[in-house]
Amino acid sequence: MTVTIYGIKNCDTMRKAQDWLNAQNIAFDFHDYKKVGLDRAKLENWCQTLGWEVVINRAGQTFRKLDDAQKQDLTEAKAIELMLGNLSMIKRPVLEKDGKLLAGFKPEIYAEFFA
């Protein structure tokens, strides 16, 4: 089983997800996309698989600070450009296990995902 968790280092939700994985003795690789980056193809795959509405973090400060014109009439293409321009706009974490994806962290959903 190959598990990769994508996000940024200084994020409370990331820490909670990593702590949960460690408590379950699940080995994982951490991909810090603020340091390492994230390619367009991977982000597009996430958006196609999970839905761009799930992948974009509308609740975060980065999104809320956008001017109204940038937030209006969002499409998948526009959302992808916004997220590539500021990776903090991607919901955290994105978990990948054997080609399957999960966005966000809730212990009960992780337990089901790894059952």
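## Strand 3, covered on both faces

Strand 3 (94-97) is a good place to start, since both of its faces are covered: Val94 and Glu96 on one side, and Leu95 and Lys97 on the other, are all buried. Buried here means under 20% relative accessible area, with exposed over 50% and partly exposed in between (1.4 Å probe, protein chains only). Strands (E, at least two residues) and helices (H or I, at least four) are DSSP runs, numbered from the N terminus. In a regular strand the side chains alternate between the two faces of the sheet.

Please keep in mind that this is a predicted model, in which local features need pLDDT of at least 70 and side-chain atom pairs count only at pLDDT 80 or more, while totals for chains, interfaces and linings use all residues. Residues are numbered from 1 along each chain as its sequence is written, and side-chain values use heavy atoms, with hydrogens and water left out.

## The sheet

Strand 3 belongs to an open sheet of 4 strands with the order 2-1-3-4 and mixed pairing. Strand 2 (29-32) and strand 4 stand at the edges with a single partner strand each, so one side of each has no neighbour in the sheet. On average, neighbouring strands are turned by 20° against each other, direction ignored. Two strands count as paired if DSSP finds at least two bridges between them.

Now for the individual pairings. Strand 1 and strand 2 run parallel and are joined by 4 bridges; threonine 4 has aspartate 29 in strand 2 as its bridge partner. Strand 1 pairs with strand 3 in the antiparallel sense, over 4 bridges, and tyrosine 6 stands opposite valine 94 in strand 3. Strand 3 and strand 4 are also antiparallel, over 4 bridges, with lysine 97 opposite lysine 100 in strand 4. These two strands form a hairpin with 2 residues between them, and aspartate 98 in the turn has a positive phi of about 50°.

## Helix 1 and helix 2 against the strands

Helix 1 has 12 residues and reaches 16 Å from its first C-alpha to its last, close to the 16 Å expected at 1.5 Å a residue (the expected span is 1.5 Å times one less than the number of residues). Its buried residues are Met14, Ala17, Gln18, Trp20 and Leu21. Seen down the axis of helix 1, they fall within an arc of 155°, so they line one face of the helix; the arc is that of the directions from the helix axis to the C-beta atoms. On the other side, Asp12, Lys16, Asp19 and Ala23 are exposed. The buried residues of helix 1 pack against strand 1, strand 2, strand 3 and helix 7. After the helix comes asparagine 25, whose phi is positive, near 55°.

One polar member of that buried face deserves a look: glutamine 18 counts as buried at 17% relative accessibility. Leaving aside neighbours within four places in sequence, glutamine 18 is in contact (heavy atoms within 4.5 Å) with Ile5, Phe28 and Phe30. Helix 2, meanwhile, lies across strand 1, strand 3 and strand 4, and runs at about 85° to strand 4. For such angles, axes are lines fitted to C-alpha atoms, for helices over the stretch in contact, and angles run from 0 to 180 degrees between N-to-C directions.

## The nonpolar core

The largest nonpolar core has 36 residues, of which Leu43, Trp46, Met83, Ile90, Leu95, Tyr110 and Phe114 touch the most other members. Such a core is a set of buried Ala, Val, Leu, Ile, Met, Phe, Trp, Tyr and Cys residues joined through side-chain atoms within 4.5 Å. Isoleucine 90 touches Tyr33, Leu38, Leu43, Trp46, Val55, Asn57 and Met83, not counting residues up to four places away in sequence.

Leucine 38, in the loop between strand 2 and helix 2, counts as buried at 13% relative accessibility. Its contacts beyond four places in sequence include Tyr6, His31, Trp46, Leu84 and Ile90. The C-alpha atoms of leucine 38 and leucine 84 are separated by 7.8 Å, although these residues are 46 apart along the chain.

## Helix 6

In helix 6 (76-85), the buried residues are Ala79, Ile80, Leu82 and Met83. Down the helix axis they fall within an arc of 165°, so they line one face of helix 6. Ala77 and Gly85 are exposed on the other side. The buried residues of helix 6 pack against helix 2, helix 3 and helix 5 (68-71).
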